[in-house]
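The following exercises examine one structure, and each is followed by a worked solution. Please study the sequence and the model before starting.

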Amino acid sequence: MALAIQLGVRGLGRVWPNPAVGCVIVKDGRILGRGWTQEGGRPHAEPVALAQAGMAGRGATAYVSLEPCSHHGKTPPCAEALVAAGIARVVTALEDPDPRVSGRGHALLRAAGIEVATGVLAAEAAAVQAGFLSRIRQGRPMVTLKLATSFDGRIATVTGESRWITGPEARHLVHAMRARHDAVLVGGGTLRADDPLLTVRGMGAVRQPVRIVASAGLDLPLGRLAGSVPEGPVWLLHGESAPLAAQAAWRAAGARLLPVLQAGAGLDPAAMLQALGQEGLTRVFCEGGGRLAASLLAAGLVDEVIGFTAGLALGAGGLPSLGVLPEGPLAEAPRFALVETRAVGGDVLHRWQRI
């Protein structure tokens, strides 16, 4: 099962709206087939592994990191494929909460006389499936907030200079993190200040994440991001009152526009994520800026924080990594539990999960 879970990781960022599932076919102590959900979500892990195993898989055990699907979509149900292949036993980590499955896959297997065991390495599988589970259960993608700062919490100097606070090793790792998310999200201020591409670079040929900018008024420059639409999709979250001329200009550049409710001068963070969940996104990598990050934190919508801390100080005049959070007692501040810390080149990575 551990191998099946790790195989599933290979699909992260590549298979939405599907879950990133892994499957291993074993018989007499030998691995006969291995598979994971392929790019774009098809084919699923089980038929890939079954094809490798072939006729030798009859009477074997299939280890699958999520309950096999039982509904007819773009492909036949994986549960039926396991039955047709003559699999004798199926071991899964999690029941699929998708209402189209939700126990029906396990029931179909049992009805065919296949022995079924579930709950094996469930916590480990749930960690990999966090984005898919969030979309199904909460209607929104999992959000990872990335902060790269000086050790006094600044992301730019008083003059706005920010390249580069962290070293090349940290920046390379950030590209790898982007590749394992469905989308990269920034606020309009970040686009106006840096005009970033937000693409995955230095990783070879990879499926580019959706690049998303949140801007209530669409007061954004038609710069590098607009010109790079052929490299990967660009979505814009905007308020319903955004100027029609700006909307038309971005549509002409090839961007997709998603109107969402506003909250004051900005966009409602919960409405933004619900809109992204409806579009099928499961994992969003937020790279700021400070106002957007603060709004997500204040709304309790950040699931994981990944910080890169560099060994330099920029002082009180530097730009802080977070915008203003609502006033309140310390006990009500957003809190996270430390799950990892390590050196990355000359910087320190620290990863935190919401308590």
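**Exercise 1.** How many nonpolar, polar and charged residues does the lining of the largest cavity have?

Solution. The model is a predicted one, in which local features need pLDDT of at least 70, side-chain atom pairs count only at pLDDT 80 or more, and totals for chains, interfaces and linings use all residues. Residues are numbered from 1 along each chain as its sequence is written, and side-chain values use heavy atoms, with hydrogens and water left out.

Step 1. Recall the principle: rolling a probe the size of a water molecule over the atoms shows where empty space is left. On a 1 Å grid over the protein atoms alone, a cavity is a set of points where a 1.4 Å probe fits but cannot get out, whereas a pocket is an open set with protein on both sides within 12 Å along at least five of seven lines; lining residues have an atom within 4 Å of a point. Grid points are joined across faces, edges and corners, and a volume is the space filled by probe spheres set on the points.

Step 2. Searching the whole structure gives 1 cavity of 30 Å³ or more. The largest cavity holds about 70 Å³ of space. It is lined by 14 residues, of which L12, N18, A20, T282 and R283 are the closest to its centre.

Step 3. Sort the lining by class: Ala, Val, Leu, Ile, Met, Phe, Trp, Tyr, Cys and Pro count as nonpolar, Asp, Glu, Lys and Arg as charged, and the others, Gly among them, as polar. The result is 6 nonpolar, 6 polar and 2 charged residues.

**Exercise 2.** Describe the second largest pocket by its volume and its lining.

Solution. Step 1. The volume of this pocket is about 900 Å³. Its lining comprises 31 residues, and A127, M142, R283, E304 and R351 are the closest to its centre.

Step 2. Assign the lining to elements; helices (H or I, at least four residues) and strands (E, at least two) are DSSP runs, numbered from the N terminus. Among the elements that give two or more residues are α1, α5 (122-128), β6 (142-150) and β18 (347-354). The most comes from α6, with 5 residues.

Step 3. By class, the pocket lining has 15 nonpolar, 6 polar and 10 charged residues.

**Exercise 3.** What is the strand order of the open sheet of 5 strands?

Solution. Step 1. Strands of a sheet pair through backbone hydrogen bonds, either parallel or antiparallel. Here two strands pair if DSSP finds at least two bridges between them.

Step 2. The order is β2-β1-β3-β4-β5, and the pairing is mixed. Because β2 (30-36) and β5 (115-117) stand at the edges with a single partner strand each, one side of each is left without a neighbour in the sheet. From one strand to the next, the twist averages 15 degrees.

Step 3. β1 (residues 22-27) pairs with β2 in the antiparallel sense over 6 bridges, and V26 has I31 in β2 as its bridge partner. The loop between β1 and β2 contains D28, which has a positive phi of about 55 degrees although it is not a glycine.

**Exercise 4.** At what angle do α11 and α12 pack, and which residues meet?

Solution. Step 1. Two packed helices are described by the angle between their axes and the distance between the axes. Axes are lines fitted to C-alpha atoms, for helices over the stretch in contact, and angles run from 0 to 180 degrees between N-to-C directions.

Step 2. α11 (residues 269-278) and α12 (residues 290-298) pack at about 90 degrees, with their axes 9 Å apart. This makes α11 roughly perpendicular to α12 (angles under 35 degrees count as roughly parallel, over 145 as roughly antiparallel, 65 to 115 as roughly perpendicular and the rest as oblique).

Step 3. Contact means heavy atoms within 4.5 Å. P269, M272 and L273 in α11 meet L292, S295 and L296 in α12. These residues divide into 5 nonpolar, 1 polar and no charged.

**Exercise 5.** Which residues are joined by cis peptide bonds?

Solution. Step 1. Most peptide bonds are trans.

Step 2. A cis bond joins R42 and P43, with omega about -10 degrees; P43 is in the loop between β2 and α2 (45-53). Another cis bond joins R163 and W164, with omega about -5 degrees; W164 is in the loop between β7 (154-156) and α7.
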